Amino acid sequence: MIHRVARSERALLQVTEAVVGLIEPVQALPSLGSKAPEGGRKIGPTAMALLQSTLRRGVVRALAHANGGRQSRSLHDPPAAAQPPWQAPPELTFTERSFELLCWLAWSPAASIHQSGHPASDGDQVLEYLASCLLDRLDRPLPKAFQDNALCWLAVPHRMPRGAQPAEANWTRWLSGQGATLLTALQPRLAKELVRIERRKAATKAVGSMLLYRGHREALDHYLTAADASGRRDLAQCVVEAGAKVLAPRPSPDWWIGQLAFSGTQLADRQEAFKAAASLLSAVARVGGWQKEHGLTRFFDEQYDAAQLLLAQWESFGHAGFELASERLRALDGLHLLEG
Amino acid sequence: MSQAYEISVCESVRRHIVVADGICTGLELLDVLPRDQMARLLGAELKKLGFESEGASLRRISAEGVVVEIDPLEATVKVSLEQETDFEAQRDFKAQVWEEVIEQGRAALKVKGRAALEREADAAEADLQGEVVQILERQLLDLRAELDRAVNRTVGAALKHRAAQLGEITELTEDEHTGDVTIRVRL
């Protein structure tokens with residue numbers, strides 16, 4: 001069936017397809033910054049129906065793709081095998097906020113995004129997260145509003161506005177109900193993004209560029225604190241998976257900071273840069289502390305089943321992996337790298 | 001017919017430059033005994049190295065003005081250095097301008113001259129910053145070794161305490177070079 005839409009509406013639909021991963025980002029490039037429709041941000045009923053269908057299909061597809069076809073145990077309540085998204089698609093709603101975001105991307109990405117102030121739904125937040133990944137791949141800045149999106153802080157911390165800080169409260173929505181289901185499904189994708197961030201850091205030459213990852217350490221810390229407080233330590237899976245990939249070749253501390261040019265840099269900035277470089281290591285080391293606790297959990301303790309699940313899940317990374325992360329963290333956080 | 005004139009302006013810049021740098025990190029202090037007891041033992045070791053008490057922390061200032069502050073309870077160390085200098089420069093700037101635009105030329109030359117002197121002041125600040133970094137880097141090298149030894153001695157002392165709590169110490173050997181401590185205890 002062929003649907004007729006205006007050129008501006010086609011641009012909007014194409015940008016939406018790129019955000020949810022139905023087409024490659026580069027295919028949407030010509031649509032970014034297209035001419036907006038006369039009469040403001042309005043689209044016809046055909047385009048709206050197509051937009052809604054694209055969002056529904058696309059986001060579920062993106063979640064299924066993110067999940068990688070896995071069916072793994074989680075500490076989700078009830079404690080059953082987590083159902084993959086394509087078997088039980090989440091009922092996601094998208095508010096005006098999502099529409100404003102997509103219009104901005106399609107028609108005025110050079111301007112500041114105007115958002116009506118609607119509270120974001122889970123669907124809106126997932127869309128923002130997917131959009132942030134797209135903008136990162138296209139080397140475009142993020143709207144300021146994205147700094148309230150906890151997922152964006154994990155995936156694209158270097159794109160956050162200067163001086164922005166991640167807030168622990170932003171994780172509340174992801175640790176229960178539908179948010180927890182979505183976050184569980186996103187674990188493999190988040191792991192890949194964390195590995196990508198580490199590889200970018202390893203190639204970073206300017207201390208100023210490394211400092212862009214400052215907020216990442218805090219964001220991961222908030223994430224783990226929130227997961228722990230909600231009884232969902234299994235949500236550290238993305239951290240352990242990323243740590244396993246990055247630490248498999250046993251890189252030295254130089255892997256993270258060897259490319260940095262320090263000439264003329266204050267020691268304070270250098271230290272901040274090393275701390276930023278060690279963001280994932282800090283998170284992995286913290287999870288290592290949890291794993292030690294899991295090993296000491298007695299069979300009559302309430303958390304015994306959860307502890308056993310996680311011990312088994314992270315066994316392949318093991319004590320050696322967690323120790324290596326702690327060792328590299330101590331090196332990057334310590335004094336000796338700062339010496340002349 | 002218009003004539004060209006040579007104009008001259010005198011510009012000066014005075015700046016009080018203050019540069020500071022520093023880092024803060026943790027000490028790897030094992031909790032062999034409760035933290036407050038470990039802090040007391042560490043404090044005693046640091047006093048031998050010339051640190052003086054200042055509230056809950058211990059402080060030492062080197063000959064080059066590097067301030068080392070250690071909180072034995074939190075096991076954190078702060079190293080900082082601040083230096084200041086006065087920058088003063090005055091210079092005449094000359095240019096040739098057409099008669100009709102003498103005043104604009106003078107104004108532009110003042111701006112250009114001032115900018116040149118500000119750049120020199122910035123360069124002086126950057127140089128001082130570089131010196132501060134070099135001093136800190138040098139001192140960190142010695143400081144790390146010093147603190148490592150102090151922490152090792154603290155842990156050694158704590159182990160002896162702990163061993164004495166467990167039973168009767170029958171043998172105690174210490175290797176000064178490696179810092180290894182061997183304690184035999186009769187329970």
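**Note on the predicted model, chains A and B**

1. A:Leu296 is exposed, at a relative accessible area of 69%. The model is a predicted one, and A:Leu296 sits in the loop that links α14 (279–295) to α15 (304–313) of chain A. For this residue a long-range distance is also available: 196 residues along the chain separate A:Leu296 from A:Glu100, and their C-alpha atoms are separated by 50 Å.

2. Chain A as a whole. The secondary structure of chain A consists of 16 helices and 0 strands. Of its 340 residues, 54% are buried. Among contacts in chain A with a separation of 6 or more, 74% are between residues 24 or more positions apart.

3. Helices α7 and α8 of chain A. Helix α7 covers residues 177–185 and helix α8 covers residues 187–202; their axes come within 4 Å and cross at roughly 55 degrees. How are α7(A) and α8(A) oriented to each other? They are oblique, because an angle of this kind lies outside the range of 65 to 115 degrees that counts as roughly perpendicular and is not under 35 degrees, the range for roughly parallel. On the α7(A) side the contact is made by A:Leu183, A:Thr184 and A:Ala185, and on the α8(A) side by A:Gln187, A:Pro188 and A:Leu190. By class, the residues of this contact are 4 nonpolar, 2 polar and no charged.

4. A:Arg159. This arginine is placed in the loop between α6 (150–155) and α7 of chain A. Is A:Arg159 buried or exposed? With a relative accessible area of 18%, A:Arg159 is buried, since the cut-off for that class is under 20%. Its side chain has a polar contact of 2.7 Å with the side chain of A:Asp136. A further polar contact, of 2.8 Å, runs from the side chain of A:Arg159 to the side chain of A:Asp139. Once neighbours within four places in sequence are set aside, the contacts of A:Arg159 are A:Asp136, A:Asp139, A:Arg140, A:Leu142 and A:Arg200.

5. A:Arg233. The position of A:Arg233 is in the loop between α10 (214–229) and α11 (237–247) of chain A. A:Arg233 counts as buried, at 14% relative accessibility. A polar contact of 2.9 Å connects its side chain with the side chain of A:Glu293.

6. Cysteines. Over all chains, the structure holds 0 disulfides. Why is A:Cys133 not bonded to A:Cys152? The closest cysteine sulfur to that of A:Cys133 is in A:Cys152, and at 7.2 Å it is too far for a bond, because a disulfide requires sulfur atoms within 2.5 Å. A:Cys133 is buried, at a relative accessible area of 11%. A:Cys238 is likewise in no disulfide, and the nearest cysteine sulfur, belonging to A:Cys133, is 13 Å away. A:Cys238 counts as buried, with 0% relative accessibility.

7. B:Gln129. In chain B, B:Gln129 belongs to helix α2, residues 102–166. At 15% relative accessibility, B:Gln129 is classed as buried. Which residues does B:Gln129 touch, not counting those up to four places away in sequence? They are A:Gln266 from chain A, together with B:Val19, B:Ala20 and B:Asp21. For B:Asp21 the C-alpha to C-alpha distance to B:Gln129 is 8.0 Å, with the two positions 108 residues apart in sequence.

8. Backbone points to check. Two residues, neither a glycine, are listed here for positive phi. For A:Arg250, phi is near 50 degrees. A:Arg250 is in the loop between α11 and α12 (254–257) of chain A, and is exposed, with a relative accessible area of 52%. For B:Ala75, phi is about 55 degrees. B:Ala75 is in the loop between β4 (67–71) and β5 (76–98) of chain B. Unlike A:Arg250, which is exposed, B:Ala75 is buried, at a relative accessible area of 4%.

Key. Residues are numbered from 1 along each chain as its sequence is written. Chains are lettered from A and ligands numbered from 1 in the order in which they are written. This is a predicted model: local features need pLDDT of at least 70, side-chain atom pairs count only at pLDDT 80 or more; totals for chains, interfaces and linings use all residues. Side-chain values use heavy atoms; hydrogens and water are left out. Axes are lines fitted to C-alpha atoms, for helices over the stretch in contact, and angles run from 0 to 180 degrees between N-to-C directions. Helices (H or I, at least four residues) and strands (E, at least two) are DSSP runs, numbered from the N terminus. Angles under 35 degrees count as roughly parallel, over 145 as roughly antiparallel, 65 to 115 as roughly perpendicular and the rest as oblique. Contact means heavy atoms within 4.5 Å. Ala, Val, Leu, Ile, Met, Phe, Trp, Tyr, Cys and Pro count as nonpolar, Asp, Glu, Lys and Arg as charged, and the others, Gly among them, as polar. Buried means under 20% relative accessible area, exposed over 50%, partly exposed in between (1.4 Å probe, protein chains only). A polar contact is a pair of N or O atoms within 3.5 Å; within protein, one must be able to donate a hydrogen and the other to accept it, and residues adjacent in sequence count only if both atoms are side-chain atoms.
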